[in-house]
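Colleague: Please take a close look at one part of this model, and concentrate on its charged side chains and their surroundings. I should like the account to proceed from that part to the rest of the chain.

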Amino acid sequence: MKQRHRSPKRNGSETKAEAGKRVTLARALSKLGYCSRTQAEKLINGGRVSVGGRTTTDLSRWVDIEADRIAVDGVTIAAEAKIYLMLNKPRGLVTTREDPEGRPTVYSCLNDADARFLSPVGRLDKASEGLLLFTNDTVLAQRLLDPETHLGKVYHVQVNGVFDDTAVAGMMEGVTEGGERLRANSVRRLRSGERNSWIEVELQEGRNRQIRRMLDVLGFECLRLVRVSIGEIKLGDLAKGEARPLTEAEIRYLRQRTGLDV
């Protein structure tokens, strides 16, 4: 009688390397940097994904990201080299790839980088300056933007007038503007003159133009706003308008803080 050979079961003895190669199809698209897992599930449900040349709508399908040929709309997906940059955004640039009004964008500062698939992580409005991250790692970008990450962002802000203890308390306690309750995680005075003051503000969950809106309610005008850090990633002495790759330590920190390397 001809014996039937069974494939070995995967169990606790499976190596970490082997386990890392076999993932669900949606997870594979995410790990390959093509899209988020949620977006991948929509593509699979829509019949746009194939494995080994055969279309599949099975969300539970396991694949080997190194051996299986995975394609979306007939185009094979290959793992892209991950790029992580920081930019010292100058004032006057909009945080978008193309602006319908023809205004200059932050991408004008990335001439020396392959920016075709790079996206900014969050935004700084046109009048704001400072630290802005870019990456083609869509999974990390989404984790960084998730309020659950609780990655504080620190800003140095110049305001008109003397920013006294009452104003500091006002930002800490919070204000209501536009139907939203807005508050800062921490506020401290950096220096003051007769005409203006510099303060440091930390936000945990930034709303649209939050600092400017809070200052307006408290009777202050925002003269300059510079983001100087995101978590432990600091702008440092990077020149205005210049970009640089994140260091391995900085990338590892962001991945650990977002639960990607645990």
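Modeller: A salt bridge is counted where a side-chain nitrogen of Lys or Arg lies within 4 Å of a carboxyl oxygen of Asp or Glu. By that criterion, the side chains of R224 and E129 form a salt bridge, with an N to O distance of 2.9 Å. R224 belongs to strand β15 and E129 to strand β9, so this pair ties together parts that lie 95 residues apart in sequence. The structure is a predicted model, and every value given here is computed from it.

The two partners of this bridge differ in their exposure. R224 counts as partly exposed because its relative accessibility is 28%, whereas E129 counts as buried because its relative accessibility is 4%.

Strand β15 also contains R227, and I would take this residue as the centre of the close look. R227 is buried and yet has no salt bridge. The nearest side chain of opposite charge is that of D125, at 9.8 Å. What, then, makes a polar contact with the side chain of R227? The side chain of Y155 does so, at 3.3 Å. In addition, a polar atom of the R227 side chain lies 2.8 Å from the backbone oxygen of L131. When neighbours within four places in sequence are set aside, the contacts of R227 include E129, G130, L131 and L132. Also in contact with R227 are R123, L124, K153, V154, Y155 and L235. E129 therefore appears twice in this account: as the salt-bridge partner of R224 and among the contacts of R227.

The nonpolar surroundings come next. The largest nonpolar core has 32 residues, of which F134, V157, F163, M171, V201, I211 and L215 touch the most other members. The elements that each give two or more residues to this core include β15 (222–230), β9 (129–135) and β10 (153–160). The others are β7 (84–89), α5 (165–173), β14 (196–203) and α6 (210–217). Apart from this core lies another, of 19 residues, with L133, L151, I251 and L260 among them. As for M171, its contacts beyond four places in sequence are F163, R183, A184, V187, I199, V201, M214, L215 and L218.

Other charged pairs may be set beside the one in β15. A search of the whole structure finds 14 salt bridges. One of them joins the side chains of E250 and R244 at 2.8 Å, N to O. In that pair, E250 is buried, with a relative accessible area of 14%, and R244 is partly exposed, at 23%. Another joins R103 and E101, at 3.8 Å. Here R103 is partly exposed, at 29%, while E101 is exposed, at 62%. Salt bridges also link E177, E180, E205, R207 and R213 into a network.

Finally, the chain as a whole. It has 262 residues, of which 40% count as buried, and its secondary structure comprises 7 helices and 17 strands. Among contacts between residues at least 6 apart in sequence, 64% join residues at least 24 apart. The chain exposes about 15400 Å², and carbon and sulfur atoms supply 46% of that area.

Technical notes
Residues numbered from 1 in each chain as written. Predicted model: local features only at pLDDT ≥ 70, side-chain atom pairs only at ≥ 80, totals over all residues. Heavy atoms only, no water. Core = buried A, V, L, I, M, F, W, Y, C linked by side-chain atoms within 4.5 Å. Buried < 20%, exposed > 50% of the residue type's maximum accessible area, 1.4 Å probe, protein only. Helix = DSSP H or I, 4+ residues; strand = E, 2+ residues; numbered from the N terminus. Contact = heavy atoms within 4.5 Å. Lys, Arg positive; Asp, Glu negative; His and termini not counted. Polar contact = N/O pair within 3.5 Å; in protein donor to acceptor, adjacent residues only side chain to side chain. Areas by Shrake-Rupley, 256 points an atom, 1.4 Å probe, with all protein chains shown as cover.
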